[in-house]
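Hi,

Here is the structure I promised to pass on, sequence included. Have a look at it first, and my notes follow underneath.

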Amino acid sequence: MKLLIAYIQPEALNDVKQSLYDAEVYKMSVTNAMGCGQQKGYHETYRGADIEVNLLKKVRIEIAVNDEFVESTTDAIIKGARTGNIGDGKIFVLDLPECIRIRTGEKGPEAVG
């Protein structure tokens with residue numbers, strides 16, 4: 001089992017979700033996040049004051065999958081999020097040692113679904 005964590009641009013969320021649905025991945029958690037990377041932020045003027053904004057809005061997607069779905073899930077995220085520009089995002093693949101479905105008590109790959 002693996003836990004996929006993807007950070008993407010907020011405007012790419014609908015395309016990523018559609019790409020995941022096309023790949024038959026329906027379970028995910030989505031949260032708003034802020035961060036910076038190679039983009040390094042930008043400057044803006046607010047009421048005459050110059051402000052450096054270095055934490056940019058991102059969306060964090062978490063998906064727990066069984067090992068056989070890792071490649072198709074990551075490919076779907078990339079397909080939906082890639083624009084070719086800096087800031088498209090990152091995907092982290094982590095080992096998931098245990099999963100327990102609260103409703104039934106199932107454990108392991110069966111609980112992931």
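Let me start with one residue: at 1% relative accessibility, Ala-6 counts as buried, since the cut-off for that is under 20%. One caution before you read on: this is a predicted model.

Ala-6 belongs to strand E1. Leaving out neighbours within four places in sequence, Ala-6 is in contact with Val-59, Arg-60, Ile-61, Ile-77, Lys-90 and Ile-91. If you want a distance to check in your viewer, take the C-alpha atoms of Ala-6 and Gly-89: they are separated by 7.1 Å, though the two residues are 83 apart along the chain.

**The nonpolar cores**

Ile-61, one of those contacts of Ala-6, leads straight to the next topic. The largest nonpolar core has 16 residues, and those that touch the most other members are Ile-8, Val-16, Leu-20, Ile-61, Ile-63 and Ile-77. Four elements each supply at least two residues of this core: E1, helix H1 (13-22), E5 and helix H2 (70-81). As a reminder of the background, nonpolar side chains tend to be buried together in soluble globular proteins.

Ile-61 is a handy place to see this. Not counting residues up to four places away in sequence, Ile-61 touches Leu-4, Ile-5, Ala-6, Ile-8, Leu-13, Val-16, Met-28, Ser-29 and Val-30. Apart from the largest core lies another one, of five residues, among them Met-1, Leu-96, Ala-111 and Val-112.

Met-1 also turns up beside Gly-108. Gly-108 sits in the loop between E6 and helix H3 (109-112), and its relative accessibility of 10% makes it buried. Again setting aside neighbours within four places, Gly-108 is in contact with Met-1, Glu-98 and Cys-99. Gly-108 and Leu-94 are 14 residues apart along the chain, with 15 Å between their C-alpha atoms.

**The aromatic pairs**

How many aromatic pairs are there? The count comes to two. Tyr-7 and Phe-92 make an edge-to-face pair, 6.3 Å centre to centre with 80 degrees between the planes. That angle is why the pair counts as edge-to-face, as the cut-off is over 60 degrees. This pair links distant parts of the chain: Tyr-7 is in strand E1 (residues 2-8) and Phe-92 in strand E6 (residues 89-95), 85 residues apart. Tyr-7 is partly exposed, at 24% relative accessible area, and Phe-92 is partly exposed too, at 40%.

Tyr-21 and Tyr-26 form a stacked pair, with 5.9 Å from centre to centre and 25 degrees between the planes. Here Tyr-21 is partly exposed, with a relative accessible area of 36%, while Tyr-26 is exposed, at 55%.

**The pockets**

The largest pocket holds about 280 Å³ of space. It is lined by 14 residues, and the closest to its centre are Gly-37, Lys-58, Gly-87, Gly-89 and Lys-90. Strand E2 (29-35) and E6 each supply at least two residues of that lining, and E2 gives the most, with three. By class, the lining of the largest pocket divides into five nonpolar, six polar and three charged residues.

The second largest pocket has about 170 Å³ of space. Its lining includes Glu-24, Tyr-26, Lys-27, Ile-63, Phe-69, Val-112 and Gly-113. Strand E5 (residues 56-65) provides the largest share, three residues. In this lining there are seven nonpolar, three polar and two charged residues.

Two of the residues lining the second largest pocket, Glu-24 and Lys-27, are worth a click of their own. Glu-24 is in the loop between H1 and E2 and is exposed, at 62% relative accessibility. Its phi is near 65 degrees, a positive value in a residue other than glycine.

Lys-27 is also placed in the loop between H1 and E2. Its contacts, leaving aside neighbours within four places in sequence, are Ile-63, Arg-101, Val-112 and Gly-113. From Lys-27 to Asn-85 the C-alpha distance is 28 Å, with their positions 58 residues apart in sequence.

Shout if anything here is unclear.

Cheers

Technical notes: Residues are numbered from 1 along each chain as its sequence is written. This is a predicted model: local features need pLDDT of at least 70, side-chain atom pairs count only at pLDDT 80 or more; totals for chains, interfaces and linings use all residues. Side-chain values use heavy atoms; hydrogens and water are left out. Rings of Phe, Tyr and Trp (its six-membered ring) pair if their centres lie within 6.5 Å; planes under 30 degrees apart count as stacked, over 60 as edge-to-face and the rest as tilted. Buried means under 20% relative accessible area, exposed over 50%, partly exposed in between (1.4 Å probe, protein chains only). On a 1 Å grid over the protein atoms alone, a cavity is a set of points where a 1.4 Å probe fits but cannot get out, and a pocket is an open set with protein on both sides within 12 Å along at least five of seven lines; lining residues have an atom within 4 Å of a point. Grid points are joined across faces, edges and corners, and a volume is the space filled by probe spheres set on the points. Ala, Val, Leu, Ile, Met, Phe, Trp, Tyr, Cys and Pro count as nonpolar, Asp, Glu, Lys and Arg as charged, and the others, Gly among them, as polar. A nonpolar core is a set of buried Ala, Val, Leu, Ile, Met, Phe, Trp, Tyr and Cys residues joined through side-chain atoms within 4.5 Å. Contact means heavy atoms within 4.5 Å.
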